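Student: I have a model open on my screen and would like to learn how to read it. Could you walk me through it?

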Amino acid sequence: MKVDLESALDRYLPRRGVPRLLRSAMEYTLFSAGKRLRPQLVLDVCESLGGDLRNAVPAACAVEYIHTYSLIHDDLPAMDDDDVRRGKPSSHVKFDEATAILAGDALQAAAFEAIAKVPDASLAGPLAASLARGAGAAGMVGGQVLDLAPKASLREIHLKKTAALFETSTEMGAIAAKSNRVRNLAHYGRQLGLAFQAVDDILDRDEKGRKNYAVLHGVEAARRFAAKAVGAAKGAIKFLGARGIRLSRIADFVLARTH
Ligand code: GRG
């Protein structure tokens, strides 16, 4: 089954009764140039485990909605105060601060609405629990709070702020596939997320304000750390053999990426 992710992202977005301005703001950041790494992980994990992709598509859309909301909120003046996102003016610059906050809020709700529509209804609970854990107070939002705090361990910030949503993506792919290897795939996602953030820190080491691995420990150490995490990620999916080739390629991409 070939999944058209872009049209699925459009299809699961609420339309009926949504004010036009809000829908425009939600679409504006969602349909700008994102790498779609997290939803692709949901789909590729499900496929590599021989699952039914129809159960993975709503979860893939959901994690991209959450990710997009986090980017919109992260750019706000109260957070990173960034004017550019995905190559375009940030949401609060294009619209206004209130609209940007509300677009993020609505995307978060849309994520759980998408999960509620999973064809096999028995999966809705476990998928929602995984997404809430990765996105919520002990996951991404908690990580953002630690990043803003004066003292916090870099590893804990990265585990929560970035790796938690990667972990949720791969965990949801395994849940959608009804696999008994959920823990292996969660580990793969967590290590991938740590590597992703270390590489991001190398690419973004001039960025103001953030606690940055490459700035604190040097570029070489950050690269070594990322390579080790990618090795651990690949180790966790070794049991897949040849069926893990796409996941292995994603891990290579995370290490080699330049943007
Ligand atoms: C504000 C609730 C809230 C959370 C913020 C995800 C996040 C936490 C902040 C975004 C800024 C940041 C540096 C996050 C670390 C994760 C990261 C590198 C996000 C960017 O992900 P990409 O490169 O983005 O996959 P695209 O645009 O390609 O989807």
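What follows is a chat about the ligand site and the aromatic pairs.

Tutor: Keep in mind that this is a predicted model.

Student: Fine. Which residues come nearest to the ligand?

Tutor: Start with the shell, meaning residues with a heavy atom within 4 Å of the ligand. Here the shell has 19 residues, and Lys35, Arg38, His67, Asp74 and Arg86 come nearest.

Student: What distances do I look at for polar contacts?

Tutor: Look for N or O atoms paired within 3.5 Å. In this model, a ligand oxygen sits 2.6 Å from a side-chain N or O atom of Lys35. For His67 the distance from a ligand oxygen is 2.7 Å, and for Arg86 it is 2.8 Å.

Student: How much of the ligand does the protein bury?

Tutor: Compare the ligand alone with the ligand in place. Taken alone it exposes 700 Å², and the protein buries 93% of that. The space the ligand takes is also the largest pocket.

Student: Which helix gives the most to that shell?

Tutor: That's H4 (57-74), with six residues. Helices H8 (140-148), H9 (154-176) and H10 (182-203) each supply at least two.

Student: And what is the shell like by class?

Tutor: Seven residues are charged, seven polar and five nonpolar.

Student: How many aromatic pairs are there in the whole structure?

Tutor: Three turn up. One of them is Tyr28 with Phe95, edge-to-face, with 5.5 Å between centres and 85° between planes. This pair links distant parts of the chain, 67 residues apart: Tyr28 is in helix H2, while Phe95 is in the loop between H5 and H6.

Terms used
Residues are numbered from 1 along each chain as its sequence is written. This is a predicted model: local features need pLDDT of at least 70, side-chain atom pairs count only at pLDDT 80 or more; totals for chains, interfaces and linings use all residues. Side-chain values use heavy atoms; hydrogens and water are left out. A polar contact is a pair of N or O atoms within 3.5 Å; within protein, one must be able to donate a hydrogen and the other to accept it, and residues adjacent in sequence count only if both atoms are side-chain atoms. Accessible areas come from the Shrake-Rupley method with a 1.4 Å probe; for residues, only the protein chains shown count as cover. On a 1 Å grid over the protein atoms alone, a cavity is a set of points where a 1.4 Å probe fits but cannot get out, and a pocket is an open set with protein on both sides within 12 Å along at least five of seven lines; lining residues have an atom within 4 Å of a point. A molecule sits in a cavity or pocket if more than half of its atoms lie within 2 Å of its grid points. Helices (H or I, at least four residues) and strands (E, at least two) are DSSP runs, numbered from the N terminus. Ala, Val, Leu, Ile, Met, Phe, Trp, Tyr, Cys and Pro count as nonpolar, Asp, Glu, Lys and Arg as charged, and the others, Gly among them, as polar. Rings of Phe, Tyr and Trp (its six-membered ring) pair if their centres lie within 6.5 Å; planes under 30 degrees apart count as stacked, over 60 as edge-to-face and the rest as tilted.
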